[in-house]
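Work through the exercises below with the model open. Each task is followed by a solution in steps.

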There are 2 protein chains.
Amino acid sequence: MRPNKRDELVRKALQVFYRDGFHATGMDRLVVETGVSKTSMYKHFRTKEELILAVLRLRDENFRNWFVRRIEELADTPADQLLAAFDALGEWFHEDNFRGCMFIKAGAEYQDPDHPIHVQAGEHKRLLLEYFSDLCRKAGARDPDKLACQLLLLKEGAIVTAVLLHSCDLARDAKEAAQVLLQNALV
Amino acid sequence: MRPNKRDELVRKALQVFYRDGFHATGMDRLVVETGVSKTSMYKHFRTKEELILAVLRLRDENFRNWFVRRIEELADTPADQLLAAFDALGEWFHEDNFRGCMFIKAGAEYQDPDHPIHVQAGEHKRLLLEYFSDLCRKAGARDPDKLACQLLLLKEGAIVTAVLLHSCDLARDAKEAAQVLLQNALV
DNA sequence: AGCACAGTTTACCGATCTGTACACCCAAAG
DNA sequence: CTTTGGGTGTACAGATCGGTAAACTGTGCT
């Protein structure tokens, strides 16, 4: 049970779940796709749910790391970083394997608010909200928590709309809206 | 094959799919829940996919009818109606059987952009965007299509965030953001 | 050498999945 | 009354679902 073997399984499962969904992906499929035997799979993860939770943990780590790093590459001041967040989003949308937010999809497939998967998906959004709040506070916004929440709404809305409407440049529209909200909150 | 019988099946299936999801709900479950026999079910709908498409058509009709009517009850002028949309949303969020947007969930479970279910889910959002654009134009916004898109982002973001974060009053925050955007677009 | 253990193969479990074959029932038409 | 035909229930098909049993293989440690 090498720990890196487990990580490799989680990485591969992440790809498949992200592409095809949770209920639509059976364990048999993952076993074939990873090349590992079914017994080994169940040695590493006692249930499918446990595997999904591990996948979500990895996805949270990957996404937040990428998001924050990219934002800091794109801008220096907190205010500019809040806007750069939407440039980063736009880059993500244009990746050809973009399939929306895994946590929104997880919350959509496991709707019971008390289900561990649903809870963990919510935790990801809470952490993002915290990050935004922090930036808003540093930028000197009047009500940083409220502004952060509003910017989060723009981000989430842009993601789900980008999935369903493949037409317009939603990241740009979201960024311009964020600009208006930010300006309004700074005065 | 009375047509009202078919409609009754669609109505009941809508409830179950909305509560439990598409992949997680089997046809056997629907047969039990509706009391109809399996053979009859498949006489009305040749496949599960056909049933889901019928459900989405009904949902689109129900939701847009309710949404527009409620908005017109709450406000008279186009500008006020754009803001009242978020009051209507808030009422929806507080219904105890609120489970998010069925079309976002449909798009999340059927991710292939060419899949009929995904396409139909996108169509719903396109119709909502048209409705918003119309109101923005009547309200005299500078760039009505862009403003409509931004307000749609706020709406969609509020929905998915309301599903995952059960804490704050997202409809209110979204409305205040809409107010700022609207004011900015009217000057 | 001998042991421990990660990982494999193969076969299987009962449940559930979408979808179908077929005989039956009952009302309207001849 | 008999025939016709739509709607029904039963029973099933074949695949897949999540998960397990048991015996084997290979590697590293002592």
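**Exercise 1. The second largest cavity**

Task: State the volume of the second largest cavity, then describe its lining by residue, element and class.

Solution. This is a predicted model.
- Step 1. The volume of the second largest cavity is about 40 Å³.
- Step 2. Its lining consists of B:Arg59, B:Phe63, B:Trp92, B:Cys101, B:Met102, B:Phe103, B:His124, B:Lys125 and B:Lys155.
- Step 3. In chain B, α4 (48–74), α6 and α7 (116–139) are the elements that contribute two or more residues to this lining.
- Step 4. Sort the lining by class: five residues are nonpolar, one is polar and three are charged.

**Exercise 2. The largest cavity**

Task: Find how many cavities of 30 Å³ or more the whole structure holds. Then work out which elements line the largest cavity.

Solution.
- Step 1. Searching the whole structure gives two cavities of 30 Å³ or more.
- Step 2. The largest cavity encloses about 90 Å³ of space.
- Step 3. Chain A lines it with A:Ile104, A:Gly107 and A:Ala108. From chain B come B:Arg99, B:Gly100, B:Cys101, B:Ile104, B:Lys105, B:Ile159, B:Val160, B:Val163 and B:Leu164.
- Step 4. Assign elements. At least two lining residues each come from α6 (102–109) of chain A, and from α6 (102–109) and α8 (144–164) of chain B.
- Step 5. The top contributor is α8(B), with four residues.
- Step 6. By class, eight lining residues are nonpolar, two are polar and two are charged.

**Exercise 3. The largest pocket**

Task: Give the volume of the largest pocket. Which residues lie closest to its centre, and which element gives the most to its lining?

Solution.
- Step 1. The volume of the largest pocket is about 480 Å³.
- Step 2. The lining has 28 residues, and those closest to the centre are A:Phe98, A:Ala162, A:Val163, A:Leu164 and A:His166.
- Step 3. Both chains take part: α6, α8 (144–164) and α9 (170–186) of chain A and α6 of chain B each provide at least two lining residues.
- Step 4. With five residues, α8(A) gives the most.
- Step 5. The class count is 16 nonpolar, seven polar and five charged residues.

**Exercise 4. The contact between the chains**

Task: Describe the contact between chain B and chain A by residue count and buried area.

Solution.
- Step 1. Count residues: 47 from chain B and 46 from chain A make the contact.
- Step 2. The two chains bury about 3,600 Å² between them, and carbon and sulfur atoms account for 71% of it.
- Step 3. B:Gln111, B:Leu153 and B:Leu164 provide 20% of the area chain B buries against chain A, more than any other three residues.

**Exercise 5. The symmetry of the pair**

Task: What turn and shift lay chain B on chain A?

Solution.
- Step 1. A turn of 180 degrees with a shift of 0.0 Å along the axis superposes chain B on chain A, at an RMSD of 0.0 Å.
- Step 2. The two copies are therefore related as by a two-fold rotation axis.
- Step 3. Within chain B, B:Gly157 has the C-alpha nearest the axis, 1.8 Å from it.
- Step 4. Both copies use the same surface: 98% of chain B's contact residues recur in chain A.

**Exercise 6. An annotated segment**

Task: Locate the "DNA-binding region" of chain A in the UniProt record and describe its secondary structure.

Solution.
- Step 1. An unreviewed UniProt entry places this feature at residues 26–45 of chain A.
- Step 2. Over residues 26–45 of chain A, the chain is 75% helix and 0% strand.
- Step 3. The end C-alpha atoms of this segment are 14 Å apart.

How values were computed: Residues are numbered from 1 along each chain as its sequence is written. Chains are lettered from A and ligands numbered from 1 in the order in which they are written. This is a predicted model: local features need pLDDT of at least 70, side-chain atom pairs count only at pLDDT 80 or more; totals for chains, interfaces and linings use all residues. Side-chain values use heavy atoms; hydrogens and water are left out. UniProt positions are given in the numbering used here, feature names are shortened, and annotations may be inferred rather than shown by experiment. Copies are superposed by least squares on the C-alpha atoms of residues with pLDDT of at least 70 in both. Contact means heavy atoms within 4.5 Å. On a 1 Å grid over the protein atoms alone, a cavity is a set of points where a 1.4 Å probe fits but cannot get out, and a pocket is an open set with protein on both sides within 12 Å along at least five of seven lines; lining residues have an atom within 4 Å of a point. Grid points are joined across faces, edges and corners, and a volume is the space filled by probe spheres set on the points. Ala, Val, Leu, Ile, Met, Phe, Trp, Tyr, Cys and Pro count as nonpolar, Asp, Glu, Lys and Arg as charged, and the others, Gly among them, as polar. Buried area is the accessible area (1.4 Å probe) that two parts lose on being put together, summed over both.
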